[in-house]
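Open the model in your viewer and keep the selection tool at hand. This tour goes from stop to stop, telling you what to pick and what you will find there.

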Amino acid sequence: MEHYLDNAATTAVCPEAAEAAVKAMTLLYGNPSSTHAKGREAAKLLCSSRAAVAEALGCAAEELVFTSCGSESDNWALLGGAEAAKRTGRHIVSSLVEHDAVRKSLELLEAQGWEVTRLKPGPDGAVRVGDVKAALREDTALVSLMMVNNETGGVTDIAGVARMLRESGSRALLHTDAVQAFMKVPFTAKTLGADLISVSGHKIHAPKGVGALYIRSGLRLRPFVVGGSQENGRRAGTEAVPQIAAFAAAARLAQEGMAENTARMAALKAEMLERLRAELPELVWIDSAAPHILSISLPGWRSEVLMNFLEAREIYVSKSSACKKGGRSHVLEAMGLSPRVIDGALRIGLSRYTRSEDADALCLALREAHDTLAHR
């Protein structure tokens with residue numbers, strides 16, 4: 001029996017999202033920019049889908065632009081946000097534990113003459129509001145911080161950062177990569193107070209290939225993709241209506257069951273950690289607030305060896321962000337963990353479909369791996 005525990009990398013597409021995509025592909029397949037009947041019905045579906053995702057995010061539909069993924073949303077937010085705010089200055093505050101979509105965007109901006117302050121995280125991988133405040137300067141134009149760290153589950157208080165920026169009189173724009181937070185940690189765009197928010201479909205049981213960027217009303221970003229007037233002139237290219245419809249279906253379901261699902265994931269996470277701590281005395285773990293991400297390590301055992309052992313039993317986890325394709329975790333390095341801990345790290349990702357049987361299988365297999373590999 002398969003036990004999928006890599007949901008921070010991607011989630012299984014829920015039946016409702018798959019059904020919505022198939023319907024859009026086979027029945028409502030017109031180009032939403034076409035003016036005939038088939039185009040109008042596709043445009044109607046696009047409009048209702050935008051409203052559904054916007055409702056889940058807690059923003060106005062016109063503040064939401066669909067993208068191809070969370071990475072595109074991050075790229076656009078960083079590069080477009082910096083361009084929009086450059087009159088304030090050319091200084092950016094971010095952290096050492098951001099997703100590569102943000103990290104690489106920051107490197108591009110540095111090559112263009114921007115100065116970036118990268119903050120060190122706390123012991124859970126989150127960034128403290130006080131550290132952001134201390135890093136602010138008069139010429140700080142942009143602050144970009146991940147809400148839920150994709151490797152540790154540490155939750156940064158983005159609403160607190162937004163309040164601090166207002167109270168400090170800072171003119172900096174605030175962006176947050178909320179890909180791991182959306183439908184896992186309660187927030188709305190209004191209560192969060194960020195100017196730009198990146199989200200993605202495949203983390204909430206929609207297909208890969210669709211994301212969105214919240215752009216606060218009144219903030220104008222230069223289009224990231226040019227060549228057409230789609231998305232109210234903000235992103236060219238025919239909209240991926242099947243993926244967008246699936247994103248909307250997944251968002252509706254996630255919103256309806258969020259309280260129950262997050263409580264169940266948090267309970268499973270706590271039960272797994274309690275059991276692993278009892279059975280594996282050398283276990284190292286990261287305390288974090290996100291309900292769906294558990295970062296552990298067995299120092300002295302290589303992550304790759306443990307993952308192969310688990311995969312042979314149809315148990316699937318990862319050792320860091322999937323975008324690193326097996327590379328060493330810059331997040332754990334930035335947190336100051338020892339090489340032995342980093343090299344034995346595993347990331348366990350839960351979803352609303354994760355069962356107690358999955359958690360049980362992982363705990364049994366890790367104990368077996370520990371006992372078996374220790375005698376080799």
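## First stop: methionine 265

Start by selecting methionine 265: setting aside residues up to four places away in sequence, it touches Lys184, Pro291, His292, Leu350, Ser351 and Arg352. Keep in mind as you look around that this is a predicted model. Methionine 265 is part of helix H9, which covers residues 258-279. Is methionine 265 buried or exposed? Its relative accessibility is 3%, so it counts as buried. Now add isoleucine 293 to the selection: 28 residues separate it from methionine 265 along the chain, and their C-alpha atoms are 9.1 Å apart.

## Second stop: strand S10

Isoleucine 293 brings you to strand S10, so select residues 293-297. How many residues of strand S10 are buried? The count is 5 of the 5, so the strand is largely enclosed by the rest of the structure. Turn the view to see both faces, each of them covered. Ile293, Ser295 and Ser297 are buried on one side, and Leu294 and Ile296 are buried on the other.

Next, bring in the strands that pair with S10. Strand S9 (residues 284-285) runs antiparallel to S10 and is joined to it by 2 bridges. Here tryptophan 285 has isoleucine 296 of S10 as its bridge partner. Strand S12 (residues 345-349) also runs antiparallel to S10, with 5 bridges joining the two. To find one matching position, select serine 297 and look opposite it for alanine 345 in S12.

## Third stop: the seven-stranded sheet

Now move to the open sheet of 7 strands, ordered S2-S8-S7-S6-S5-S3-S4 with mixed pairing. Which strands stand at the edges? They are S2 and strand S4 (115-119); each has a single partner strand, so one side of each is left without a neighbour in the sheet. Follow the sheet across and you will see it twist, by an average of 20 degrees from one strand to the next.

For a closer view of the S4 edge, select strand S3 (residues 91-95), which pairs with S4 in the parallel sense over 5 bridges. Isoleucine 92 stands opposite valine 116 of S4.

Then show the helices that pack on this sheet, two of which are described here. Helix H2, residues 37-57, touches S2, strand S7 (196-200) and strand S8 (211-215), and its direction makes about 110 degrees with that of S2. Helix H3, residues 70-85, also packs on the sheet and touches S2, strand S5 (140-146), S6, S7 and S8. The direction of H3 makes about 165 degrees with that of S7.

## Fourth stop: three phenylalanines

Select Phe66, Phe182 and Phe247, which form one aromatic cluster. The number of aromatic pairs comes to 2. In one, the rings of phenylalanine 66 and phenylalanine 247 have centres 6.4 Å apart and planes at 65 degrees, so the pair is edge-to-face. This pair links distant parts of the chain, with phenylalanine 66 in strand S2 (residues 64-67) and phenylalanine 247 in helix H8 (residues 241-256), 181 residues apart. Phenylalanine 66 has 2% relative accessibility and counts as buried, while phenylalanine 247 is buried at 0%.

The other pair, phenylalanine 182 and phenylalanine 247, is edge-to-face too, at 6.5 Å centre to centre with 90 degrees between the planes. Its two members are 65 residues apart, phenylalanine 182 sitting in the loop between strand S6 (173-177) and helix H7 (189-192). Phenylalanine 182 is buried as well, at 1% relative accessibility.

## Fifth stop: the cores

Widen the selection around those rings. The largest nonpolar core has 57 residues, and those that touch the most other members are Leu57, Phe66, Val132, Val143, Phe182, Ile197 and Phe247. Which helix gives the most to this core? H8 does, with 7 residues. A second, separate core has 28 residues, among them Met272, Phe309, Ile315 and Leu346.

## Last stop: charges over rings

Stay with phenylalanine 309 for a moment: the charged end of arginine 313 sits over its ring, 3.7 Å from the centre. To finish, select tyrosine 29 and find lysine 38 over its face, 4.4 Å from the ring centre.

Note on methods: Residues numbered from 1 in each chain as written. Predicted model: local features only at pLDDT ≥ 70, side-chain atom pairs only at ≥ 80, totals over all residues. Heavy atoms only, no water. Phe/Tyr/Trp six-rings, centres within 6.5 Å; stacked < 30°, edge-to-face > 60°. Helix = DSSP H or I, 4+ residues; strand = E, 2+ residues; numbered from the N terminus. Buried < 20%, exposed > 50% of the residue type's maximum accessible area, 1.4 Å probe, protein only. Lys NZ or Arg CZ within 6 Å of the ring centre and 35° of its normal. Core = buried A, V, L, I, M, F, W, Y, C linked by side-chain atoms within 4.5 Å. Pairing = 2+ DSSP bridges. Axes fitted to C-alpha atoms, helices over the stretch in contact; angles between N-to-C directions. Contact = heavy atoms within 4.5 Å.
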